[in-house]
Protein chains: 2
Amino acid sequence: MTPMDHALEQARAAAALGEIPVGAVITDASGAIIATGHNRTEEQQNPAAHAEFIALQAATAARGQKYLSDCTLTVTLEPCALCAGAIAAFRVQKLVFGAYDPKSGAVEHGPRVFSHATTHHKPEVIGGVRDSDCSALLAAFFADLRNA
Amino acid sequence: MTPMDHALEQARAAAALGEIPVGAVITDASGAIIATGHNRTEEQQNPAAHAEFIALQAATAARGQKYLSDCTLTVTLEPCALCAGAIAAFRVQKLVFGAYDPKSGAVEHGPRVFSHATTHHKPEVIGGVRDSDCSALLAAFFADLRNA
């Protein structure tokens with residue numbers, strides 16, 4: 001399984017709990033998974049409980065160190081401003097994301113957090129990985145909500 | 001004491017602990033303080049442990065509700081992208097900040113998080129409140145570091 005497979009698995013776990021299906025995984029330089037996360041905003045009643053943010057907190061706690069400079073964060077959806085800001089703050093080496101998010105994304109859309117001199121750390125970014133698989137999960141979730 | 005007085009008190013508490021002196025306070029519609037926070041990135045070895053973020057988490061936890069739509073967040077420094085994204089996510093009604101931060105700010109500088117259609121909630125923003133008091137704390141902290 002690739003990191004994106006694991007992130008998709010996390011996204012499905014979120015959907016099963018009635019959470020918007022976004023999943024994330026953090027891998028180290030050897031490709032080993034050091035943390036995972038999925039959206040828990042409803043469960044925790046916490047608008048910051050996004051997949052990426054939970055994974056970042058778990059990774060830094062697991063390692064007992066502040067920065068994730070040798071790590072890749074793989075997430076099924078383009079991060080929002082909060083998560084993009086966190087990715088910069090944690091000095092993540094590489095960001096891989098699935099579906100583009102023209103509605104709320106802050107990497108390739110809107111604030112484009114990594115495109116400014118005021119963002120001091122900029123990860124390598126690869127977007128659109130397994131875009132259709134990641135988007136399909138989200139589309140199915142919202143279709144179910146509308147038909148509920 | 002005004003909310004900014006309380007935020008400055010929080011910032012001084014951070015400095016006393018060797019943390020970059022930034023403090024925040026969240027008040028409800030009646031002006032009552034429902035949460036405070038100061039920078040704890042060193043103590044927690046957590047790059048997301050910013051004053052605003054800690055205060056937001058504490059406020060939503062204290063209330064047991066997801067959004068802070070009737071609240072004002074007062075902070076001594078212009079928020080970064082992470083915190084601006086969180087302020088949007090928590091639907092804070094009003095943001096009051098002290099010192100402008102041309103180096104890392106994301107409200108009036110760089111990503112200008114609240115200036116995009118992809119940021120769905122935009123607080124009322126008042127910047128530069130007690131700017132010189134807030135800046136002086138930061139300047140003194142960094143001068144001490146350089147002379148240490």
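**Exercise 1. The sheet of chain B**

In what order do the five strands of the open sheet of chain B stand? Work out the order, then find the edges and the helix that packs on the sheet.

*Solution.*

Step 1. A word on the source before we start: this is a predicted model. In chain B the strands of the open sheet follow the order β2-β1-β3-β4-β5, and their pairing is mixed.

Step 2. Now look at the ends of that order. β2 (33-38) and β5 (124-126) of chain B each have a single partner strand, so one side of each is left without a neighbour in the sheet.

Step 3. Next comes the twist. On average, neighbouring strands of this sheet are turned by 15 degrees against each other, direction ignored.

Step 4. Zoom in on one edge. Strand β4 (residues 94-99) of chain B pairs with β5(B) in the parallel sense, over three bridges. Val96(B) has Ile126(B) as its bridge partner in β5(B).

Step 5. Finally, add the helix. Helix α3 (residues 51-63) of chain B packs on the sheet and touches β1 (23-27), β2 and β3 (72-77) of chain B. The direction of this helix makes about 150 degrees with that of β2(B).

**Exercise 2. Strand β3 of chain A and its two partners**

Find the strands that pair with β3(A), and say for each whether the pairing is parallel or antiparallel.

*Solution.*

Step 1. Place the strand. The open sheet of chain A has five strands in the order β2-β1-β3-β4-β5, with mixed pairing, so β3(A) has β1 on one side and β4 on the other in that order. 

Step 2. Take the β1 side. Strand β1 (residues 23-27) of chain A pairs with β3(A) in the antiparallel sense over four bridges. Two bridge partners let you check the register: Val25(A) is matched with Thr74(A), and Ala24(A) with Val75(A).

Step 3. Take the β4 side. Here five bridges join β3(A) to strand β4 (residues 94-99) of chain A, and the two run parallel. Val75(A) has Phe97(A) as its bridge partner in β4(A).

Step 4. Follow the chain between the parallel strands. The path leaves β3(A), passes through helix α3 (residues 81-89) of chain A and reaches β4(A); this β-α-β crossover is right-handed.

Step 5. Is β3(A) covered or open to the outside? Strand β3 (residues 72-77) of chain A is mostly covered, with six of its six residues buried.

**Exercise 3. Two helix pairs**

Compare the packing of α3(A) against α4(B) with that of α1(A) against α4(A), and classify each pair by its angle.

*Solution.*

Step 1. Start between the chains. The axes of α3(A) and helix α4 (residues 81-89) of chain B come within 7 Å and cross at roughly 155 degrees.

Step 2. Apply the cut-off: angles over 145 degrees count as roughly antiparallel. That makes α3(A) roughly antiparallel to α4(B), and their crossing is left-handed.

Step 3. List the contact. From α3(A) come Ala81(A), Leu82(A), Gly85(A), Ala86(A) and Ala89(A). From α4(B) come Ala81(B), Leu82(B), Gly85(B), Ala86(B) and Ala89(B).

Step 4. Turn to the pair within chain A. Helix α1 (residues 3-16) of chain A and α4(A) pack at about 5 degrees, with their axes 11 Å apart. The two helices are therefore roughly parallel to each other.

Step 5. Name the residues that meet. In α1(A) they are Met4(A), Leu8(A), Ala11(A), Arg12(A) and Ala15(A), and in α4(A) they are Asp133(A), Cys134(A), Leu137(A) and Phe141(A).

**Exercise 4. Arginines in loops**

Locate Arg112(A), Arg130(A) and Arg130(B), and describe the setting of each.

*Solution.*

Step 1. Arg112(A) sits in the loop between β4 and β5 of chain A. Its phi is near 40 degrees, a positive value in a residue other than glycine. Because its relative accessibility is 38%, Arg112(A) counts as partly exposed.

Step 2. Arg130(A) belongs to the loop between β5 and α4 (131-147) of chain A. Phi of Arg130(A) is near 55 degrees, again positive in a residue other than glycine. At 32% relative accessibility, Arg130(A) counts as partly exposed.

Step 3. Arg130(B) lies in the loop between β5 and α5 (131-147) of chain B. With 33% relative accessibility, Arg130(B) counts as partly exposed.

Step 4. Which residues does Arg130(B) touch, not counting residues up to four places away in sequence? They are Thr2(B), Met4(B), Asp5(B) and Leu8(B).

Notes
Residues numbered from 1 in each chain as written. Chains lettered and ligands numbered in written order. Predicted model: local features only at pLDDT ≥ 70, side-chain atom pairs only at ≥ 80, totals over all residues. Heavy atoms only, no water. Buried < 20%, exposed > 50% of the residue type's maximum accessible area, 1.4 Å probe, protein only. Pairing = 2+ DSSP bridges. Right-handed = clockwise from strand over helix to strand, strands pointing away. Axes fitted to C-alpha atoms, helices over the stretch in contact; angles between N-to-C directions. Parallel < 35°, antiparallel > 145°, perpendicular 65-115°, else oblique. Left-handed = near helix turned anticlockwise from the far one by under 90°. Contact = heavy atoms within 4.5 Å.
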